[in-house]
Number of protein chains: 2
Amino acid sequence: MTLIIEPLTGIGEVSPGDDLAGMLIASLESLAPSGADVLVVTHKVVSKAEGSVVTLADDGPDAHREVVESEAVRVLRRRGDLVIAETRHGFVCANAGVDRSNAALGTAVLLPEDPDRSARRIRDRIRAELGVAPAVAISDTFGRPWRRGLVDVALGVAGMAPIIDLRGTTDSSGRVLDVTEINIADQLAAAADLVMGKASGICAALVRGVTVPPGDGSIRHDVVRPPAEDLFR
Amino acid sequence: MTLIIEPLTGIGEVSPGDDLAGMLIASLESLAPSGADVLVVTHKVVSKAEGSVVTLADDGPDAHREVVESEAVRVLRRRGDLVIAETRHGFVCANAGVDRSNAALGTAVLLPEDPDRSARRIRDRIRAELGVAPAVAISDTFGRPWRRGLVDVALGVAGMAPIIDLRGTTDSSGRVLDVTEINIADQLAAAADLVMGKASGICAALVRGVTVPPGDGSIRHDVVRPPAEDLFR
């Protein structure tokens, strides 16, 4: 099946208190979304609308570092100004998710308090206003060990399971697959970023023609790897 | 711009010595590819066509482990049957990239010897036969620390730079972006996997409507993070 990714246009700047769901719906309407589509929204506009924004004492590195330390529950690595930290959600990322890019001057944007909940709220509003409920994913841009260059991943989802579970599935030779769990939520986030870019002003995209696993999944519960299971923490 | 991902159909099983480029071109023709498109091909058919396949002494774990050890230049972690190892290409992945799924019984598929070269060869054949040269990426499915579920990444590219370098770019407030290097090759691999799946028989996809950075990039040189720069090795 052909997959199509449409950028949501015309949304513009988002500020604390803005009705982001309403803004997304106004842009979505002309695309006539269906319940089989997936709406990917970058966390930055979600955090801004929800007020997950802090005012910095100044624009220097010390003020930034202070916010990072307060958002981190554990620091995994430090090198120069770079901190790789675990957030209270269990995400491991640079600067505990604190980001000054595309934030108003003198402020920094934090991660949403509960990105799965943010996704559910947006989905509920879409269902209420448009009568259809596409799955929703909230994305952010993360670095990774061993590979240069960042990729988008999913921080929260609603209306879909984030993992395709192939355990027990057999290949064309009848052998059980070695690869058993595909993170389709992260792949959708990465795909959606291809139409967004970092300075384009596009904050959301609609993915059509993809089959997502049904269910009310959660990134926090289904994707964040418990420390005991993790080989690199 | 709307992004479109078309699966390449009708390719079927690939065996050592098969003319994979010819098979891809036969399937591509009806899509009328342009030089602005990106063709993503899963490494498994590339490895099979190139003969990067080994015969196992038997179908048990010992024979598999022996191949994994011979493909690994360094083991980072071990737990039970799982080995996270660095390959001679510098990739860090499960089982040093050795995979028995979708391999003929009694065999295992290795990584291509030089995936950037594999991508270049496919691209050169497409240019020679169709008169256009889409970028080409070779993909594989990798796990990651901290997050459950695998995602596709790029092992090799041709006709594009794998990293979008935004260093020095400013955001809407005029501040220099914190996020500076986007791995568009990995995002393309993840996006293409959305139309492939693991048991669907689709081994390649054409991505249209994306702007990739020009140049003759290399995953090995531009994406593999040198150990000295890596915080998790």
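What covers the buried residues of α4(A)? Let's start there, and keep in mind that everything I show you today is a predicted model.

First, find α4 in chain A. This helix runs over residues 115–130, which makes 16 residues. From its first C-alpha to its last it reaches 22 Å, close to the 22 Å expected at 1.5 Å a residue. Its buried residues are Pro115(A), Asp116(A), Ser118(A), Ala119(A), Ile122(A), Arg123(A) and Ile126(A). If you look down the axis of α4(A), those buried residues fall within an arc of 160 degrees, so they line one face of the helix. The general background here is that an α-helix has 3.6 residues a turn, so residues three or four places apart point the same way.

Now back to my opening question. The cover over the buried residues of α4(A) includes three helices' worth of names to look for: α1 (20–28), α2 (43–50) and α6 (219–222) of chain A. The strands β2 (38–42), β8 (135–144) and β9 (147–158) of chain A are also included in that cover. And when you come off the end of α4(A), you meet Gly131(A), which takes a positive phi of about 75 degrees.

One of those covering elements deserves its own stop, and that's α2(A). How many of the eight residues of α2(A) are buried? Eight of the eight, so α2(A) is largely enclosed by the rest of the structure. Reading along, the buried ones are His43(A), Lys44(A), Val45(A), Val46(A), Ser47(A), Lys48(A), Ala49(A) and Glu50(A). Yes, you heard Lys44(A), Lys48(A) and Glu50(A) in that list of buried residues. Just after α2(A) there's a glycine again: Gly51(A), with a positive phi of about 80 degrees.

Let me zoom out to the whole of chain A. Its secondary structure comes to six helices and 12 strands. The radius of gyration of chain A is 18 Å, and the globule rule gives 17 Å for 233 residues; those values are close, so chain A is as compact as a globular protein of that length. Along the principal axes, the C-alpha trace of chain A spans about 55 × 45 × 25 Å. Of the 233 residues in chain A, 51% are buried. And if you take contacts in chain A between residues at least 6 apart in sequence, 66% of them join residues at least 24 apart.

Next, the sheets. In chain A, three strands form an open sheet in the order β4-β5-β6, with antiparallel pairing. The edge strands are β4 and β6 (92–94) of chain A, and each of them pairs on one side only. Neighbouring strands of this sheet are turned by 25 degrees against each other on average, direction ignored. Between β4(A) and β5 (residues 82–87) of chain A there are six bridges, and the two run antiparallel. If you'd like one pair to click on, Arg74(A) has Glu86(A) in β5(A) as its bridge partner.

Over in chain B, there's an open sheet of three strands in the order β4-β5-β6, and the pairing is antiparallel. β4 (72–79) and β6 (92–94) of chain B stand at the edges with a single partner strand each, so one side of each is left without a neighbour in the sheet. The twist averages 25 degrees from one strand to the next. Here the pair to click on is Arg78(B), which stands opposite Val83(B) in β5(B).

While we're in chain B, two backbone oddities. Most residues other than glycine have a negative phi. Asn95(B), though, has a positive phi, near 55 degrees. You'll find Asn95(B) in the loop between β6 and β7 (107–109) of chain B, and it is buried, with 22 other C-beta atoms within 10 Å. Trp146(B) is not a glycine either, and its phi is positive at about 75 degrees. Trp146(B) sits in the loop between β8 (135–144) and β9 (147–158) of chain B, and with 23 C-beta neighbours inside 10 Å it counts as buried.

Last stop, where the chains meet. The contact takes 58 residues from chain A and 58 residues from chain B. On the side of chain A that touches chain B, the elements giving two or more residues are β1 (3–7), β4 (72–79), β8, β9, β11 (181–183) and α5 (184–193) of chain A. Which element gives the largest share of that side? That's β9(A), with seven residues.

Conventions:
Residues numbered from 1 in each chain as written. Chains lettered and ligands numbered in written order. Predicted model: local features only at pLDDT ≥ 70, side-chain atom pairs only at ≥ 80, totals over all residues. Helix = DSSP H or I, 4+ residues; strand = E, 2+ residues; numbered from the N terminus. Rg over C-alpha atoms; globule rule 2.2 N^0.38 Å. Buried ≥ 20, exposed ≤ 12 C-beta atoms within 10 Å, placed from the backbone. Contact = placed C-beta atoms within 7 Å. Expected span 1.5 Å × (residues − 1). Arc of directions from axis to C-beta. Pairing = 2+ DSSP bridges. Axes fitted to C-alpha atoms, helices over the stretch in contact; angles between N-to-C directions.
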